[in-house]
Structures are given as C-alpha cells and as structure tokens.
Amino acid sequence: MKNLFKIALLTAGIFSVSQGYAQEHHEPITKKIGHAAQDVGHKTSEVAVKGAVAVADKRYEGHWAPTGENVYIDKHSRYFYVDKGGHYKYLKKWQLRNKPYKH
C-alpha cells in the first residue's frame, strides 16, 4: 500500500510539473509590431531632422557631442546635436568633445 501511494504521488507530481513546462509564453504580436513601428518612426524622424539641420544650420567643425554625434550651431548661437529619436539636444560649451566618441 505504501509503495502504491508513493508511485501515485510521484506520478501526480511529474504530471503537474510537465503541464507547467508545456505552457509557452510568447510576447503578443501586437506588441512586437508596436515596437517595430516605433523604431521605424524614430529612424525616419532622425533622418528628416538631420537633413533639415544640415541645410539650415552650421556644423561646428572639430567638435562632437558626448555621444559622438555631429554638433551644430543654430541662429541663436546655441550648440546642439540630433539624437537617435530625432530630437534636438542642446549642449553647453563644456560638454563638447574634441574627438569623436568611439564605441
């Protein structure tokens, strides 16, 4: 009787553990699509803003942002660079680098 109880308990334990591992956890496809769309939007914004900046503003030669991006000067003599999301990031003079940032 004791052996039968032990075998039944072991079988129930193995069955419950195997059922727990059988469940697959996937990220919903809508979340993946949302992340991909956001990445594409950021890249599109970055390219558009950098193109507009190259035409409208002056490149500050020999200086780079802390992240290695090109530094520009706007019409109000402020230093800025464009980040990966296409946003303007303004800098103070002491934040500029003389050599580009190497990864």
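**Figure 1. Glutamate 46, a buried acid in a salt-bridge network.** Glutamate 46 has a relative accessible area of just 5%, so it counts as buried. This is a predicted model, and the close-up centres on the contact between glutamate 46 and lysine 50, whose side chains form a salt bridge at 3.1 Å, N to O. Both residues sit in helix H2, which covers residues 29-56. They are four residues apart, or about one turn of the helix. Lysine 50 is partly exposed, with 27% relative accessibility.

**Figure 2. Lysine 50 again, this time with glutamate 69.** Here the side chain of lysine 50 meets that of glutamate 69 in a salt bridge, N to O at 2.9 Å. This pair ties together distant parts of the chain: lysine 50 belongs to helix H2, while glutamate 69 is in the loop between strand S1 (58-64) and strand S2 (70-73). The two are 19 residues apart. Is glutamate 69 buried or exposed? With 14% relative accessibility, glutamate 69 counts as buried.

**Figure 3. Lysine 89 and aspartate 83, plus the wider set of salt bridges.** Lysine 89 and aspartate 83 make a salt bridge too, with 3.9 Å between the closest N and O atoms. The cut-off for a salt bridge is within 4 Å, which is why a pair at this kind of spacing can still be listed. Aspartate 83 is buried at 16% relative accessibility, whereas lysine 89 is partly exposed at 36%. Elsewhere, salt bridges with shared partners connect Lys43, Glu46, Lys50, Glu69 and Lys84 into one network. How many salt bridges turn up in a search of the whole structure? The search finds six.

**Figure 4. The sheet, with H2 lying across it.** Stepping back a little, the chain has two helices and four strands, and its elements run α-α-β-β-β-β from the N terminus on. The four strands make an open sheet with the order S1-S2-S3-S4 and antiparallel pairing. S1 and strand S4 (88-91) are the edge strands, each pairing on one side only. On average, neighbouring strands of the sheet are turned by 40° against each other, direction ignored. Helix H2 lies across S2, S3 and S4, and runs at about 145° to S3.

**Figure 5. Strand S3 and the residues on its two sides.** Which way do the side chains of S3 point? Tyr79 and Tyr81 go one way, Phe80 and Val82 go the other, and all are buried. That fits the usual pattern, because side chains in a regular strand alternate between the two faces of the sheet. Tyrosine 79 has partners on two strands: isoleucine 73 stands opposite it, and so does leucine 91 in S4. For tyrosine 81, the bridge partner in S4 is lysine 89, the residue that also forms the salt bridge with aspartate 83.

**Figure 6. Two hairpins, end to end.** S2 and S3 pair over two bridges in the antiparallel sense. Their hairpin has five residues between the strands, and serine 77 there takes a positive phi near 60°. Strand S3 (residues 79-82) is then joined to S4 by four bridges, with the strands running antiparallel. The S3 and S4 hairpin has five residues between its strands as well, and glycine 86 in the turn has a positive phi of about 90°.

**Figure 7. Aspartate 74 in the loop between S2 and S3.** Aspartate 74 is located in the loop that connects S2 and S3. Its side chain reaches the backbone nitrogen of arginine 78 at 2.7 Å. Leaving aside residues up to four places away in sequence, aspartate 74 touches Asp57, Phe80 and Tyr90. Aspartate 74 has a relative accessible area of 11%, so it counts as buried.

**Figure 8. The whole chain, for context.** Of the 103 residues in the chain, 21% are buried. The accessible surface of the chain is about 8,500 Å², and 62% of that belongs to carbon and sulfur atoms. Looking at contacts between residues at least 6 apart in sequence, 40% join residues at least 24 apart.

Notes:
Residues are numbered from 1 along each chain as its sequence is written. This is a predicted model: local features need pLDDT of at least 70, side-chain atom pairs count only at pLDDT 80 or more; totals for chains, interfaces and linings use all residues. Side-chain values use heavy atoms; hydrogens and water are left out. Buried means under 20% relative accessible area, exposed over 50%, partly exposed in between (1.4 Å probe, protein chains only). Contact means heavy atoms within 4.5 Å. Accessible areas come from the Shrake-Rupley method with a 1.4 Å probe; for residues, only the protein chains shown count as cover. Two strands pair if DSSP finds at least two bridges between them. Axes are lines fitted to C-alpha atoms, for helices over the stretch in contact, and angles run from 0 to 180 degrees between N-to-C directions. A polar contact is a pair of N or O atoms within 3.5 Å; within protein, one must be able to donate a hydrogen and the other to accept it, and residues adjacent in sequence count only if both atoms are side-chain atoms.
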